[in-house]
Each structure stands twice: as C-alpha cells, then as structure tokens.
Amino acid sequence: MSSEPIERRVSYLGDRLKASRCQICGKEFFEIRDYCSNCGRKSYMKMSSVDLFYEKGKLELCTLVTEPTNRFTKLETFVYGIVSFHEGKIRVPGRLTDQIIKPDETVDLAALEGREVIPRFRRRYSVNKADVVPTISLAFTLADEYYPHQEYTVSEQNKEYALPGIVGYGVYTSRFRIKEGNIERAVPFTDEDSVTAAVEAGKTALIHSGIDSANVGKVYVGSESNPYAVKPIASKVAQVLKLGEEEDDLQGVDAVDTEFACKAATSMLKDAAALVSYPGSGIKNAMVIGADNSQAAPRGCPGGELDLFVGYGGAAFVLGKRDVIAEIEGWYSVTSDTPDFWRRDGEPYPMHGGRFTGDPAYFKHVRKSVTKLMGRFSLKPHDVDYFVPHQPNPAFPVKVAKELGFRDEQYVCSLQVNKFGNTYSGCSPVGLAAVLDIARPEERILIASYGSGAGSDAYLLRTTNQLLDKRKRQKVTVKSLVENPFTQFVDYTTYRRLKAGM
Amino acid sequence: MQNFPAIVAVGRTKFGEHYGKEPEKLIEEAWLAASRECGVERKDLEACYMSDCFLPITNKLGLEEGFLSELTELHVPMEVTRSVSAALLTACHAIRSGAYNTVLVGGIEKMTDRWDKIRDDLMLLEDPWSYYAGCTPESNHELMLRAYTKKYGIAGGNLKKLNTALAQIAVKNHSHAAKNEYAQYQRKITVEQVINARKTARKSLGLYDFAPISDGASALILTNSEKAKQLTDKPISIFGVASATDYLNYPARDDLTHFSATKLAMINASKMSNVKPADIQVLQLYDQSTVAEMVSIEDLGFCEQGTAWKSIYDSCQDYKGYYEVQGKKLFTNLNGGLKADGNPLGATGGAQLFEIFKQLRGEAGARQATLDREPRYGCALEFEGFGTKSYVSILGRNHA
C-alpha cells in the first residue's frame, strides 16, 4: 500500500513547482509555509505563493546517480543536483531528465553546473501497476536544449469574432526518435506518458494564446493511452495548468476525457466551439487536447504491425470567440460501427484488422466526411488552401488526398507522420498545428480526422490576421520539434524500453 | 564536583551481518557484556533508553520498549530514540535532574534484514523531497564535496591531493578496524582500491568512500557520579552533551558545504563541559562518507574551514595512528569509524562511546592511542539523517 497522505501532499505541491514568499521581509521558502522564519507570528496570513512553473532555474551543483534507489532504477543513470531560483533564494533538489547516459559514458558535471534549467512535469518514479501514478515537477531539462524557456504572459482578449475558433495552440513531442528507413518516430523518455504530453501541449497552447488559464471553463483530453482505465487525464491537466478559477485547491473547470480511437480529440473541437458560443455557458475559453504514447505490441506479436508507425506526442487547442486565429466555419461528422482497430479492456496493446483498416474503414469515412463538408459549403478542392488528412501511416493520407482531388502542395506540409509517427489522438491535430505554423491570414484549412471504430470529423477553418501576431510568441513549433538539433536517435530495444516507461 | 553522569561499563556486539540473530539477541549480548563488566544487574536499572532507527521497518517491531521489557523482565520507564547519542542525551538530563541513578542506554539495528530496500528507506527518511527527485544516500555527500571544492577554490594539484586525502580517510579507518575484533571489515584497503572504485562508479566518491549497511547492538550503563565511584575505579564522565537541528531538505539549507548543526552542537557541548577542541585527543566522527569525516573536523572547530584536507593529507603521508591538526595529535575513529567498524544506525553511537570509553581508560589494547599517558578527553559526533540532527558528546576521565 502506498502512503496515501504523503503521496497526496507531494502531488499537490510537486506537480507545479511552488514556493512561498514572506510579504513582509521577502524571504522565500521552497515549501509552502504559513510563517516566515524571520518574521514569525506577524507573517501569518502574509505569505504569498510563488509559482515557479513557468520560470527557469540554475543548476547549482550536480552529481551522477549510477545506482539509483529502487523506484528510480528504470531511469538507469541520471544527473541529480540542486537547482536554485531567484538568485539562490530558493533551492530545490532536482534531477535532469531526457538524458540517456550510457554505461561507459562519463559526464562533465562541471560543465552542467551553472546552466539554466526549466522545471518539467513528469512521472516521479515507478510504482506497482495498480497504484496511483505519482508525478512531480522536480525534473528539469536544460533551458537551451530542445525545450526553450517560454514566458507565459496573459494579454487582454480584445476583438470578438462572429464565429468561434482557435485562439491558440501548442504541440509537444519528446526529444527522442527512432529512425527506420525514411521514417522518424517520436519516442517518449522513460518518465513521460500521455498525461505529461497532454500537460506540455496544453502549457504551450496557453503561452501561445495568451489567455488567462482561469478563463478556461472546460478541458477535453482525447487519448487512447491513458495510464488509467478509470481516472481522467483531464483532471491532471486542469490542476497542473490551473485551468478555471482556483479556490481551495479546486479548479473551477469541467475536465473530461474522451475516447474514440484517433478522433477522440478532433471530435470535441465542435463541442468546445459550441460551448464558447453558447451565451448561457459563461465560458470564455475551452481547451481540446489530443495526446498519446501510441500503444503497439512488439513486432512479431499479434497487433505488432502497429509497432512500425506508432509515435508519441500531441497537440492542444484553445477555443474561444475573442482574438481568434482561425475561425471554425463548419463541420461534418460520420460514424459507423466498424471494428477495424480495437483494444479490449485490460489488454495492454490494441489489435488491428489488417487490410480491413483501409477501404471499408479509413478511406470510406474520410472520403464521406470531406465530400459532405465541401458539398455543404459548395467548395471544390482548389477552393481550400490546405488539406489536413488523418495520418496513421505515410501512404493512406496521400492516397485519400489524391482521390479527393487535392494537389501535393495543399496537403504535404501537414504530413508529420514521417517525423512524429502516428500519434493516435494527437495525429491529425499535429497536422493541423503544422499548417497553422505556416498559414497566412484569410486562408482556408480543411482537416479530416479518422477514428477507428469508426468515424471521421471534417472541419473547415478560416485563418484571421491575428495568426501572424501570435506566431511571434511561439518558440515551440512543429518545425522546431522536427528539426531540433538536440534530437537523439535510439535503437529498437531502447525505443521499446522507453515506451514502456516507468 | 558537579554531578556529571558517568559511564561505568560498555558492551557491544560485532557489527556486520547477523543472519542468525534476532534483534533481541543482539541487544541482550551487548547488555550482558556491560552488566558483567560492572556488576550492575537488570533489577538495578531504573530506566532504559534505547535507540533504533529502522526496527519498525526492518523487523516490524513497533513498540520496541515492550520487547525490552520482556527481555529484561523490567517494568521501569523506557524510551526509544533514533540514535544512541539521543538516548544518552536524554539519560544524562534525567540523571542530572536526579530522577534516576542508574540507567541503561542502548542501541540496536538490523538493516541487512531489508537489504534490498534499505537505501530507499534511508533516503526517504533522510530527506523525502530529495528522494522524490531521485537522490540516493550517496548523492548528498557528493554534492557537498562539489560545493566544498568550489567554495574553497580547490582545483588542479590541490584537488588531486584532496581526493587522495579522502581516500586515505577510508584507508586509515580500515587499518584501525583491522585491530578491532568487533569491526565489520577487519581488513586493510589501499588508496588505489578507493580510487578505482570511484572510477567504476564514474563519480567523485565510490564504494570505499561510504559506510556500509550493518547489524549490531551496543549498550552502556550510565549512573550519577556518586554511584559511579562505587561501581568502578575508572568511570568516564559525560561532561558535555548537546544537539542541534538543521533542515530535513539539504538543498534548502543555508550552508551546503558544512553541517551547521554540528557547529552549534559543539559550541553548546563545549560550553557545558568547559572543554575546548584543543583539549580533545580522541575523536569519533560520523563518517557516513569520507567527505563527512573531513568536513566534521572543521565543523567541530579543530581547524579552519577549507583546510582539514591538507592536515589529513599530510598526516597520512606517513600515518602514525593520528591526524596532526594544527600541531595537535587527533586520534580519529580508532575503532575504524562507520566506514570499517560498521554503521547499524541505532547502535552506531554506542560503538563510538564504547571506543572512547576504552581509550580513556587505557583498555583499547592494540588500538590504544599512544600518548605519554592515557588521553583525558574524547569527543563523539553522531548524526541522524544527513546532518539533520547532530549530537556532540564530550567525555573525560576523573581518575589520574
């Protein structure tokens, strides 16, 4: 049995790195304190919380851990040290994450000391399969590595648009890749999973949109690799990102996970759009996240054919009616009961219907949703600027785009499956993010997701001129993730080990 | 003459791995040895102060006083602390207050019964936040060493000397333990072995820089000064005992290069006993690591901060059985220290006091400190956690 009170205490404090500051003398403390040690009783009720989640610290001292304690053995060798914030006023213990240190490798500790680091939200350590997954933000990455420091600045939301749409977005994947043939696929680090990816994507989306996280009234997380069968990812996202008004440790937000294979997230864009448009909801913004540590059985096992394409990552979208970067003009969804890909309860890996996943599943549904939507708006393929098809593998999206009459330049830029792998619920959302990264104002984007089981959602978006203004805020883009010089390639065995996680 | 509590007898078991002995057996062995030495019977005991750190975890023994009651058939007041020094401090206060005349102070630990999980337990109890971030019991010592070398600008040839000095600490402790029949490791090691272990670990400290996991028990009988004279010709008085406390979380402490709690405890113990560092000849340090031994010499005030390594290095070039610090002979960890004598947490302090008792009475045999006459004052330093609690006890003899 886990020690529940300690686990809870740590998860409240540790998921989002916090400290306390005395409002009288300014002394800062790592842990939450009711009193200041300098000022004593008069400081009671005069301690303010210091949020370090969006800040960067400095690695003061470090050492190598080559023989970790039991719960950290899956991390193998890592750098552990002391991180300071605010010129040394706060010092916390921390480990550097996202580093694979080989058994014969020596690490220049002196070169690491003094470098800037960013707190990351990660799994804390290994626990039994039936236990609560403990998380923490005492994991850090170097600030100038693949994950640049980004400030979160809330700006006033001014212009109201006629239609609801995307206000900001964020995309996330790890620093590790496996490369086989022409395909690179993202691989999570040991302490990452779909929850940490959802939080990271959501964090970047908040930074990009510039909205106050308290304005988010609802968050949807679509994923098919939630570490829990029962317990939402969305609740973690809401708490870590402080979505909705915060009072007494509670977030004034509705948080829900959705499930429909790979279209769990895209399905909710219309619900989020409807919610922010409904006058009685009182909700200014809603967030939709699609993130997966895509599951696949090992090669050679039943379902192992998926192992060729699965990736890791996700994307998050903030929807609203003010300061929109892409209005949602309309949508069309289709559904049929087609079991082309499934995972039974309690099974670790999904099964796959072989060639059955093609024509009667993917192609039939995507074709229908796209043609119906285009028909509704009387559009021809050349009337849209970008087409974002769902991309479970490199072949399907190209084939469907050609069939529907789209030219290469309309869809190739959206194809990220060669770089991220199939990120399941994050798959077409990452494609959309790639297009939003490069689109110009007043362009039309058509996105068609596909979810096994089966269904497809097609959306028609029109970009606004705010797209260019907000782009300046975005340090993490699909391009930056793909072309990151800090990307590290791993072999198949390491890939399986990292993917299995803690 | 003030009523300084005095130790009249000591006993201990061998430290190491005791598969075949239950915790009760170990404490019984230690207590019987002490009892035999001074003739105090269990019915003479007015209270017992026992320490253990992990018995509730390692042996699922929660209410340790209860099994001590069963063992001794006594129903006197009993208290449990986490270290022998803590037990001694409490017992000394009780005796000085006049509450009791004769008490048993003991300690017991059986860590190898939880061999595979003990490092997690150690680290989690020592500093939970650091544990959650991935810290190991060794990491804090390595960080302290880095902080130390940075603060005092030790680099190049000096850094090499410092690293050698640290290795020599381990070598020295092992050579002392070779003469200690109770020690866990009664064999000598070489500087090369220590340094090679560091290379294997790819770190500044390696296997031979750290104290081991051990089982063992220790006991001592403490009386008031009057009673002590009746029981033995050579009682060893406790002139000063003091403790101080620092943060659980090492990174949050003000000073990362030293143990602030040790400095405070030494000031208070010194004040209480009127014994200055310069008067002390026999020293038992809490060498959880070689770094801790080095830093503690400074923290206790035997030399300037940032200089202990030089004294150690010079003393060990041609080691004569003591460190020469500020021109003074300092017999340090003559039992082999935690490194080689063993470190069963709850019993370790008892072994330190055992050694000082024997040394001050001139009964340490082959390990006897070689001064013109028996040394007069000894000092024991014990930690709980990574310097979170620091206990300093200053002992001395009244007899000529």
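**Stop 1: where the chains meet**

Select chains A and B together in this predicted model. Here, 23 residues of chain B are in contact with 28 residues of chain A. On the side of chain B that touches chain A, three elements give two or more residues: α5 (118-126), α6 (128-132) and α7 (139-151) of chain B. Which of them gives the most? Colour α7(B), which contributes five residues. If you colour that side of chain B by residue type, you will find eleven nonpolar, five polar and seven charged residues.

**Stop 2: chain A as a whole**

Now hide chain B and look at chain A. Chain A has 13 helices and 24 strands. Its C-alpha atoms fill a box of roughly 70 × 55 × 40 Å along the principal axes. A compact globule of 502 residues would have a radius of gyration near 23 Å, and chain A agrees, with 23 Å. Of the 502 residues of chain A, 51% count as buried. Among contacts in chain A with a separation of 6 or more, 73% join residues 24 or more positions apart.

**Stop 3: two small sheets in chain A**

Select residues 18-22 of chain A, which form strand β1. This strand belongs to an open sheet of three strands in the order β2-β1-β3, with antiparallel pairing. β2 (28-29) and β3 (47-51) of chain A stand at the edges, each with a single partner strand, so one side of each has no neighbour in the sheet. β1(A) and β3(A) pair over five bridges. To see the two strands side by side, show Arg21(A), which stands opposite Ser48(A) in β3(A).

Next, select β10 (176-180) and β11 (183-187) of chain A. With β24, they form another open sheet of three strands, in the order β11-β10-β24, and the pairing here is mixed. Which strands stand at the edges? They are β11 and β24 (488-489) of chain A; each has a single partner strand, so one side of each is left without a neighbour in the sheet. β10(A) and β24(A) run in the parallel sense and pair over two bridges. Show Arg177(A) to find its bridge partner in β24(A), Phe489(A).

**Stop 4: the helix α13**

Move on to residues 492-500 of chain A, helix α13. Tyr495(A), Leu498(A) and Lys499(A) are buried in this helix. Why are they on the same side of α13(A)? They cover an arc of only 100 degrees around the axis, which puts them there. As a rule, an α-helix has 3.6 residues a turn, so residues three or four places apart point the same way. What covers the buried residues of α13(A) includes β10 and β11, which you have just visited, and β16 (285-293) of chain A. Just after the helix, Gly501(A) takes a positive phi of about 70 degrees.

**Stop 5: backbone details in chain A**

Zoom in on the loop between β22 (444-448) and β23 (455-463) of chain A, where Ala454(A) lies. The peptide bond from Gly453(A) to Ala454(A) is cis, with omega near 0 degrees.

Then select Tyr424(A), in the loop between α9 (417-420) and α10 (427-438) of chain A. Its phi is near 45 degrees, a positive value in a residue other than glycine. Is Tyr424(A) buried or exposed? Tyr424(A) is buried, because 34 other C-beta atoms lie within 10 Å, and 20 are enough to count as buried.

**Stop 6: inside chain B**

Bring chain B back and select Leu220(B). Leu220(B) is one of the residues that touch the most other members of the largest nonpolar core, which has 162 residues. Helix α4 (residues 84-97) of chain B gives this core its largest share, nine residues. Beyond its neighbours within four places in sequence, Leu220(B) is in contact with residues including Ile7(B), Val105(B) and Leu353(B).

Now try Ala183(B), in the loop between α8 (156-177) and α9 (191-201) of chain B. With 25 C-beta neighbours inside 10 Å, Ala183(B) counts as buried. Leaving out residues up to four places away in sequence, its contacts include Phe15(B), Asn335(B) and Gly342(B).

Finish at Arg202(B), in the loop between α9 and β5 (215-223) of chain B. Arg202(B) has a positive phi near 60 degrees. With 16 C-beta neighbours inside 10 Å, Arg202(B) counts as partly exposed.

Definitions and conventions:
Residues numbered from 1 in each chain as written. Chains lettered and ligands numbered in written order. Predicted model: local features only at pLDDT ≥ 70, side-chain atom pairs only at ≥ 80, totals over all residues. Buried ≥ 20, exposed ≤ 12 C-beta atoms within 10 Å, placed from the backbone. Helix = DSSP H or I, 4+ residues; strand = E, 2+ residues; numbered from the N terminus. Arc of directions from axis to C-beta. Contact = placed C-beta atoms within 7 Å. Nonpolar A, V, L, I, M, F, W, Y, C, P; charged D, E, K, R; others polar. Rg over C-alpha atoms; globule rule 2.2 N^0.38 Å. Core = buried A, V, L, I, M, F, W, Y, C linked by C-beta atoms within 7 Å. Pairing = 2+ DSSP bridges.
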